[in-house]
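Subject: Handing over the two-chain model

Hi there,

Here is the structure I promised to pass on to you. Please have a look at it first, and then read my notes underneath.

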There are 2 protein chains.
Amino acid sequence: MDSETDEEILRATGRALCAHGFADLTIKHIAEESSLTTAAIHYHFDTKEALLTAFLDRSIDRIERQLAAETADPRRRLAQFLDVLFTPPETDDGEFAVALMELKAQAPYQDGFRDHFERFDQRMRQEVRAAVNEGIEAGEFATVDPATVARSVVTMANGGHVRGVALGEEPAETRAVVAAYLAQSLGWAPEVDA
Amino acid sequence: MDSETDEEILRATGRALCAHGFADLTIKHIAEESSLTTAAIHYHFDTKEALLTAFLDRSIDRIERQLAAETADPRRRLAQFLDVLFTPPETDDGEFAVALMELKAQAPYQDGFRDHFERFDQRMRQEVRAAVNEGIEAGEFATVDPATVARSVVTMANGGHVRGVALGEEPAETRAVVAAYLAQSLGWAPEVDA
C-alpha cells in the first residue's frame, strides 16, 4: 500500500466532502481536489464508503495524537482535552463540522461509520475518565464517579457539535458550559493553583 | 387554506422522510404516502423546502403543546420535560431522529430550517429556566443560575439526539445523565418528597 498516495487521497476527500457534502460527493470530486485520476482513486479504495471510513479513521488518529496527554497534571489534562475538542480546525469555516454531521446521520446505514464513531466516543470518554481519576487520587478533585463525569462531558461535546451545525453556535459557548460543569462537579478550574 | 389537506400532506411528509431520508425525498414519495397527486401537493407547497419547513413547524407546535406545564410543582415540571424530550415517538424505529438529524445538517443552507431549530432551542431553554426559577423561589432547589442549567440540559439533550443516531444509543441513557446533572446542581429528584 502506497501510504503517500492514500494520504493525498484522504486529504482530497476532506476538501471534497466540505465542498460538496456527503450526498453529492463523488470520486470525480475527489479526483478534482487531487493530482490523481478517478481510476487511481478506485484502485486504492473500492467504494466511496471504504474511502470515507478510511477518512474517518485518519481523523480519529489525528485527534488521538492530539489527546495524548502532554502533562501529568489532571487539571491541565482536562484543559488540554477541551482545547482539542473545542478548537475548530484551521482553514475551516465550519464545513468540516457539517460534513461530519452528515456522516453521523449515515451511521445507521454504514457499519464502518458507526464503528468509527463508537471508537472515538470510547477514546474521548476514556481520556476524561483517566484525568478525573488522577485528580481524585491526587486529592485535587471532589470524589465523584469518573464514568458519569466522562459521559456528561462527552454528551455535551456531542451537543455542541450539533448546535454548531444546526444553530451556527460557536464552539466556545459549549466549552464554557462544559467548564462550568467541571467546576461544579470536580472543583476543577483550568488554572493550576500556585 | 385547506388545513385538513395540509395536515394530510405533512403527515405523509413525515412518513416519506423516515422512509427515504432528506437527500432522496421527492414530492412523488410524499404523494405515494398520501391520497393526493404531486400536482395537488405542489399547489399547497411551492417547494420541498417550504414543505419541510412547514413539517418542522408542525413538529415544534406538537412538542410545545406537550411541554405546556400541567403542574405547578417545579420538580414534576422538570420530570415532565424529560418525559417529552426522551420518550421516542410511538410507531417509530429511530427513523424520525435520523431524518431530523439530516435536516439539522442542512440548516446552514436552509434559513427556514435554522429558524425552526433556533425557535425550538429557545422554547426548550425557556421551559427549563422557568422550572428552575420556580424551584429556587419555592426554596426547593439550590440557588444556581437558571440560564446555565437550561443551556447545560438542552446541550446534553442535543448530544443525546446525535448519540442516538450515530451510536444507536437509547434516549434513556442521556436521560439518566441529565437527571444526574439536575440532582447534583439543584438537589432535584423526580419524586416529590411526601
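Below are my notes on the single chain, the symmetry and the interface.

First, some housekeeping. This is a predicted model, in which local features need pLDDT of at least 70 and side-chain atom pairs count only at pLDDT 80 or more, while totals for chains, interfaces and linings use all residues. Residues are numbered from 1 along each chain as its sequence is written, chains are lettered from A and ligands numbered from 1 in the order in which they are written, and side-chain values use heavy atoms, with hydrogens and water left out.

**The chain**

Chain A has 9 helices and 0 strands (DSSP runs numbered from the N terminus: H or I of at least four residues for helices, E of at least two for strands). Its C-alpha trace spans about 60 × 35 × 30 Å along the principal axes. From an unreviewed UniProt entry comes the feature "domain: HTH tetR-type" at residues 3–63 of chain A; such annotations may be inferred rather than shown by experiment. That span is 84% helix and 0% strand, and its end C-alpha atoms are 19 Å apart. UniProt, again in an unreviewed entry, also lists a "DNA-binding region" at residues 26–45 of chain A. Here the helix content is 65%, with 0% strand, and the end C-alpha atoms lie 13 Å apart.

**The symmetry**

Chain B superposes on chain A by a rotation of 180° with 0.0 Å of shift along the axis, at an RMSD of 0.0 Å (least squares on C-alpha atoms of residues with pLDDT of at least 70 in both copies). That is the relation of a two-fold axis. Gly159(B) is the residue of chain B that comes closest to the rotation axis, with its C-alpha at 1.8 Å.

**The interface**

Chain B and chain A each bring 39 residues to the contact (heavy atoms within 4.5 Å). Since 100% of the interface residues of chain B are also interface residues in chain A, the copies meet through the same surface. About 3000 Å² is buried between the chains, 61% of it from carbon and sulfur atoms; buried area is the accessible area, with a 1.4 Å probe, that two parts lose on being put together, summed over both. Arg151(B), Arg163(B) and Leu167(B) supply 18% of what chain B buries against chain A, more than any other three residues.

What about charged pairs? The rule finds 6 salt bridges across the interface (a side-chain nitrogen of Lys or Arg within 4 Å of a carboxyl oxygen of Asp or Glu). One of them pairs Arg151(B) with Glu173(A) at 3.0 Å, N to O. The elements giving two or more residues to this side of chain B are α6 (95–106), α7 (111–137), α8 (146–167) and α9 (171–186). The largest share, 15 residues, comes from α8(B). By residue type, the side of chain B that touches chain A divides into 17 nonpolar, 12 polar and 10 charged.

Glu169(B) also forms a salt bridge with Arg151(A), with the closest N and O atoms 3.1 Å apart. Glu169(B) lies in the loop between α8 and α9 of chain B and Arg151(A) in helix α8 of chain A, so this pair joins two chains.

Best wishes

Conventions:
Nonpolar A, V, L, I, M, F, W, Y, C, P; charged D, E, K, R; others polar.
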